[in-house]
Amino acid sequence: MLLAVMCVAAPVAGASCPDAHGSFAECEHLLREAAASVVERGVGFELERAAAGASRSTQDADVEDGATGHGIGLTAGLTSGAGLAYRRFLTPSHGVHIGGIAFGDRTHRHANLGVEYLRMIHRRGASRLYWTLGGSVFYNRNETYIYPGCDPVPARPAPGQCDFSNPVQGWRGEWVYSVGPGIGLEWNPGPMGISLELPLAVRYRKDEEGFRFDSLLPIPNVSIVYYLPR
């Protein structure tokens, strides 16, 4: 009876059992070989699936590193600032961007600083879509000559244009403030991050004439940063 059951099960497992004249030991041996083959194929499949899962986990870890690492690069825009840039996603959903620079010479001074909050909307592969809320301040100061009865000018006016008696050399400064929300898209080819943002920035200006509304501008922000390895 047992021999009959084993001989029926053997073809299912992939073995060829001898006929009724064959020995019980021979049939049992073939069945064991077939069972071992099935187990080996099952283990191989599980190993392949585990390897694929590990590969995906590594890729996900790389994505998370890019999402939360320190990014250093360049930026230019109304709300992002213009010059050097620092960007970091503190979590996969929330990040911060800081940009700006300062420089000057004997007759000119310039400084600017921009700060943005980044809120993730969606991430797919190496791209992420996010909201922005940011503001910036730009400061310019130029050396000027002031003459009685004349407006300040950046250089000496032509003879006969103004009264040259008692000229005063001074500085004329101007502040420009921008603030507003926007939407951005960043692409991460490896450790690089290339972003394009479109904010709707309200601008205010402050100078010798006072503080006043200047404009409402949708000027894009562009940033290129390198995410340092963690």
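**Close-up views of a predicted model**

Gly-100 is buried, with 15% relative accessible area. The model shown in these views is predicted.

**View 1. Gly-100 sits in strand β3.** Its relative accessible area of 15% makes Gly-100 buried, because buried means under 20%. Which residues does Gly-100 contact, leaving aside its neighbours within four places in sequence? They are Ala-82, Gly-83, Leu-84, Asn-112 and Leu-113. Ala-76 offers a distance to check. Gly-100 and Ala-76 lie 24 residues apart in sequence. In space, their C-alpha atoms are 8.5 Å apart.

**View 2. Arg-106 and Glu-143 form a salt bridge.** Their closest N and O atoms are 3.9 Å apart. This pair links distant parts of the chain. Arg-106 lies in the loop between β3 (94–104) and β4 (108–124). Glu-143 belongs to strand β5, residues 127–146. The two partners are 37 residues apart. Is each partner buried or exposed? Arg-106 is exposed, at 66% relative accessibility. Glu-143 is buried, at 13%. Arg-106 counts as exposed because its value is over 50%. Glu-143 counts as buried because its value is under 20%.

**View 3. Asp-214 pairs with Arg-205 in a salt bridge.** The closest N and O atoms of Asp-214 and Arg-205 are 3.0 Å apart. Asp-214 is partly exposed, with a relative accessible area of 30%. Arg-205 is buried, with a relative accessible area of 15%. Here a buried Arg meets a partly exposed Asp.

**View 4. Asp-207 and Arg-212 form a salt bridge.** How far apart are the closest N and O atoms of Asp-207 and Arg-212? They are 2.9 Å apart. In this pair Asp-207 is the buried partner, with a relative accessible area of 14%. Arg-212 is partly exposed, at 31% relative accessibility.

**View 5. Salt bridges that share partners build one network.** Which residues does this network join? They are Arg-87, Arg-128, Glu-186 and Glu-197. The model's salt bridges come to 10 in total. Among the pairs shown in these views are Arg-106 with Glu-143, Asp-214 with Arg-205, and Asp-207 with Arg-212.

Terms used
Residues numbered from 1 in each chain as written. Predicted model: local features only at pLDDT ≥ 70, side-chain atom pairs only at ≥ 80, totals over all residues. Heavy atoms only, no water. Salt bridge = Lys/Arg side-chain N within 4 Å of Asp/Glu carboxyl O. Helix = DSSP H or I, 4+ residues; strand = E, 2+ residues; numbered from the N terminus. Buried < 20%, exposed > 50% of the residue type's maximum accessible area, 1.4 Å probe, protein only. Contact = heavy atoms within 4.5 Å.
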